[in-house]
Structure formats: structure tokens, C-alpha cells
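Me: I have just opened this structure and would like to understand the terms used for it. Could you take me through them?

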Amino acid sequence: MSHPLTPAEARSEARTATGLFVFAGLVVLISVLALAVWGLPALTMVALAATLLVYLMLAAYAAGLLPAKTGPCRSTISRSSSPAAALPG
């Protein structure tokens, strides 16, 4: 069940979405330019850069540098329920 967004949350979501679209557009533009300059090896360079970016984001998240998403989408499992409680016997 979702709750309606406040105007501040809606603006924040719109800013985030705009930033992601701009970033994706720049990545596509740079990829096309690199492909025109260096040919097919440019695709390998783009793939390696994307892999490095993903690894760096995972490391930053694991180190606690990126905040975890909190709010209404949190886990609904209560503290009293545990995997051991579900086992028979």
C-alpha cells in the first residue's frame, strides 16, 4: 500500500529522475562518439567502465557510504517471526 507523495517528495523524485535521464543520455552520446572514433573496441571500454562503476557503487553501499532506502517499502517481517519458528518439531 502506498501513500501519496508530498510536494517536496515529488520534487525530489523529479530531480532524481531528471538526473538519471541526463546521465543515461550522456552515456549514450559518449558511447556513440567513442564508437565513431575507436570503432568496436570502444564498446569494450564502455563495458569495462560500466562494470567498474557497478563495483564501486556496491563497495560504497557495503561500506555504508550510500544510504539504504527507508520508508513504506521496508520489510514487513516482524521481529517475532524467525526462520526457526517455521520449522516443525
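Me: What makes the nonpolar surface patch of about 560 Å²?

Reply: Phe23, Val27, Leu53, Met57, Tyr61 and Leu66 make this patch. Patch residues have over 30% relative accessible area and no salt bridge, and nonpolar side chains (Val, Leu, Ile, Met, Phe, Trp, Tyr) are joined within 5 Å. Areas come from the Shrake-Rupley method with a 1.4 Å probe, with only the protein chains shown as cover; a salt bridge is a side-chain nitrogen of Lys or Arg within 4 Å of a carboxyl oxygen of Asp or Glu. The model is predicted: local features need pLDDT of at least 70, side-chain atom pairs count only at pLDDT 80 or more, and totals for chains, interfaces and linings use all residues. Residues are numbered from 1 along each chain as its sequence is written, and side-chain values use heavy atoms, with hydrogens and water left out.

Me: Which element gives the largest share of the nonpolar patch?

Reply: That is α2, with three residues. Tyr61 lies in this helix. Helices here are DSSP runs (H or I, at least four residues), numbered from the N terminus.

Me: How do you know that the span of α2 agrees with what is expected?

Reply: The expected span is 1.5 Å times one less than the number of residues. The 22 residues of α2 should therefore span 32 Å, and its end C-alpha atoms are 32 Å apart, so the two agree. For α1, with 32 residues, the reach is 46 Å from first C-alpha to last, close to the 46 Å expected.

Me: What follows each helix?

Reply: Just after α1 comes Gly39, with a positive phi of about 80°. Gly64 follows α2, and its phi is positive too, near 85°.

Key
Helix = DSSP H or I, 4+ residues; strand = E, 2+ residues; numbered from the N terminus. Patch = residues over 30% accessible without salt bridge, like charges linked within 9 Å, V, L, I, M, F, W, Y side chains within 5 Å.
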